[in-house]
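Me: Walk me through this model in short questions and answers.

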Amino acid sequence: MTDTTPQKTAQKTPLTLLGLGAMGTALARTWLAAGHPLTVWNRTPARTAVLAAEGATAAADVAEAVAASTLVVVCLLDDASVSEALADADLTGKDLVNLTTTTPAQARARAAWARERGARYLDGGIMAVPPMIGVPEAGGYVFYSGARELFELHQETLAVPAGTVHVGEDAGFAALHDVALLSAMYGMFAGITHAFALIRKEDIDPVAFAPLLSAWITAMTGPAVQQTARHLKDGDYTTDVVSNLAMQVAGTPTFLATAEQQGVSAELINPYFELMRRCLEQARGEEDLTGVVDLLLR
């Protein structure tokens, strides 16, 4: 005989979210859609009202919002905003998860600040834009750092909006991973910008050029990242080198001359070329470009 008795669903973890900008609103909607009781606060009440209409509980102030849940997620403009918002809140016994973009030093200081106020702390770095939140196939995820035990306690809830990656007990590691990846992204954007500038004045369709550029960057980036990591770890910068430093430096005048002839500033690529030349002066020509990493360290 089939049991038709209604089954009780597990109670979803209640949480509080402070900050309802584009990212905060996207986070809020995914938690609400997943059935999590959600209390929200935002400096601009109109944004709070929108989420309240969708099922969230709107708190009148930060103190009320923090008091409503053990798990408190913060997604504000910057570190100063976090200090201001939480200045008078009672954090005793709270689990504070800070998804605000900060520096590693600010994250570590914030962790100590939270402990002094009786809270446990996780720092987060969001590797996604708002449209990726709540869309698993989009590939967005969040770096978390702090006590692994605390991360594992809330991982199921934190994984609702995006994937989760714990990168260490040091509270600053999430911010460091975040900024490191984004720095690589902007460096890549600089190369893309220079490439499009080179063809800008010519009878070359940028739309037709785009897949060539994308495929080339993809083909070069993966192997280069892996090889640089291996070289940094083992200390030998000559293993499996295909294009050595001497050869690459010898080719840089052609790139600079081409930019000059095309009427394009070399300000995006010349600083890297200068580092390559300095590296060649200090290293053996058969090494690859890994030594440039060491030149950047102060």
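Me: Which residues lie nearest the centre of the second largest pocket?
Reply: This is a predicted model, where local features need pLDDT of at least 70, side-chain atom pairs need 80 or more, and totals for chains, interfaces and linings use all residues. Numbering runs from 1 along each chain, and side-chain values use heavy atoms, without hydrogens or water. A pocket is an open set of points on a 1 Å grid over the protein atoms alone, with room for a 1.4 Å probe, protein on both sides within 12 Å along at least five of seven lines, and lining residues with an atom within 4 Å of a point. Of the 15 lining residues here, those nearest the centre are Gly 19, Asn 42, Cys 75, Leu 76 and Leu 77.

Me: Which element gives the largest share of that lining, in the second largest pocket?
Reply: Elements are DSSP runs numbered from the N terminus: helices (H or I) of at least four residues, strands (E) of at least two. The largest share is three residues, and they come from H1.

Me: Which helix gives the most to the lining of the largest pocket?
Reply: The largest pocket has 47 lining residues, with Met 220, Thr 221, Ala 224, Tyr 272 and Leu 289 closest to its centre. Helices H7, H8, H9, H10 and H11 each give two or more residues to the lining. With 13 residues, the top contributor is H8.

Me: Which residue in S3 stands opposite Val 40?
Reply: S2 (residues 38-41) pairs with S1 (residues 15-18) in the parallel sense over four bridges; pairing takes at least two DSSP bridges. S2 also pairs with S3 (residues 57-58), again parallel, over two bridges. Opposite Val 40 in S3 is Ala 58.

Terms used. Buried < 20%, exposed > 50% of the residue type's maximum accessible area, 1.4 Å probe, protein only.
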